[in-house]
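Colleague: Could you take one part of this predicted model and go through it closely, then place it beside what the rest of the fold offers? I would like a connected account rather than a list.

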Amino acid sequence: MLQRRETWLRDQSRRRVTRTIGSAAAHASRIRSDGTTTAPLSRYQELEKRALDVLVASVTLTVFAPLLLLIAAVIRLTTGGPALFLQRRSGHHGEVFRIWKFRTMHVAEDGDVVTQARQADPRLTHVGAFLRKYNLDELPQLINVLAGDMSLVGPRPHALTHDLMFERDLNSYARRRRVKPGITGWAQINGHRGRISSPADLRKRVACDLYYIRNYSILFDLHILLRTLSPSAFRNAV
């Protein structure tokens, strides 16, 4: 009887160890190279989000095509330079892509040193200041959405050099990459946009991004998109 009990206890112990190792291995297999786990969205949620992205981006680009062409022409005529500006950004799970924007500055920084835009920035063109005030410089990012690099809603992507700096400053920063970056987001409609000038600014923005990821739903995306069109969405624009 005693021998059978000892055998049963050893079997139970081995099962617990096997389950623990299996659980750890399963978790480890979900860890990506950037330190984040696999996407928090289910396959169905990914598909519905992608469908919304493609539908809205396609319709918006079609409807506003004349406006986009007009803005591009004005930039070309008033500055003599290119209408578009492409810059490397860190996307889903840290994959690098080039973001499309209307050019709003006299400079085109995309290296180890990228100075954040600020209020009354002397690098801004006259047209660029107007475009940034009303977020019109972001419209070409609808092309990024159709290409699958971005979503309509998600954490805003930063220049690569800023991305590396912010990740060093805040451990939870990398978790933002668990979803695609967005043209707009929960942080932006709550006033956390523009220049990040302090650790507190960074923490508030990341807290909003992580809240969005934890609470994602297609209705939440629609709510954010509608709020983006309200006047309050232009707070802190530079």
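Modeller: In this predicted model, I would begin with a polar atom of the side chain of Thr-125, which lies 2.8 Å from the backbone nitrogen of Gly-128. Thr-125 itself sits in the loop that runs between β2 (96-102) and α4 (126-133). Is Thr-125 buried or exposed? With a relative accessible area of 5%, Thr-125 falls under the 20% cut-off and is therefore buried. Leaving aside residues up to four places away in sequence, the contacts of Thr-125 are with Thr-79, Thr-104, Met-105 and His-106.

Turning from this loop to the nonpolar interior, the largest nonpolar core has 38 residues, and those touching the most other members are Ile-75, Phe-102, Leu-131, Trp-186, Leu-202, Tyr-212 and Ile-224. Helix α8 (residues 199-214) contributes the most to this core, giving six residues. Tyr-212, when residues up to four places away in sequence are not counted, touches Lys-49, Val-153, Gly-154, Trp-186, Phe-220, Asp-221 and Ile-224.

As for enclosed space, the structure holds one cavity of 30 Å³ or more, and the largest cavity contains about 60 Å³. The lining of the largest cavity comprises four nonpolar, two polar and four charged residues, and among the residues that line it are Ser-90, Gly-91, Asp-163, Arg-176 and Arg-177.

Note on methods: Residues numbered from 1 in each chain as written. Predicted model: local features only at pLDDT ≥ 70, side-chain atom pairs only at ≥ 80, totals over all residues. Heavy atoms only, no water. Helix = DSSP H or I, 4+ residues; strand = E, 2+ residues; numbered from the N terminus. Buried < 20%, exposed > 50% of the residue type's maximum accessible area, 1.4 Å probe, protein only. Polar contact = N/O pair within 3.5 Å; in protein donor to acceptor, adjacent residues only side chain to side chain. Contact = heavy atoms within 4.5 Å. 1 Å grid on protein atoms, 1.4 Å probe; cavity = no way out; pocket = protein on both sides within 12 Å on 5 of 7 lines; lining within 4 Å. Points joined across faces, edges and corners; volume = space filled by probe spheres on them. Nonpolar A, V, L, I, M, F, W, Y, C, P; charged D, E, K, R; others polar. Core = buried A, V, L, I, M, F, W, Y, C linked by side-chain atoms within 4.5 Å.
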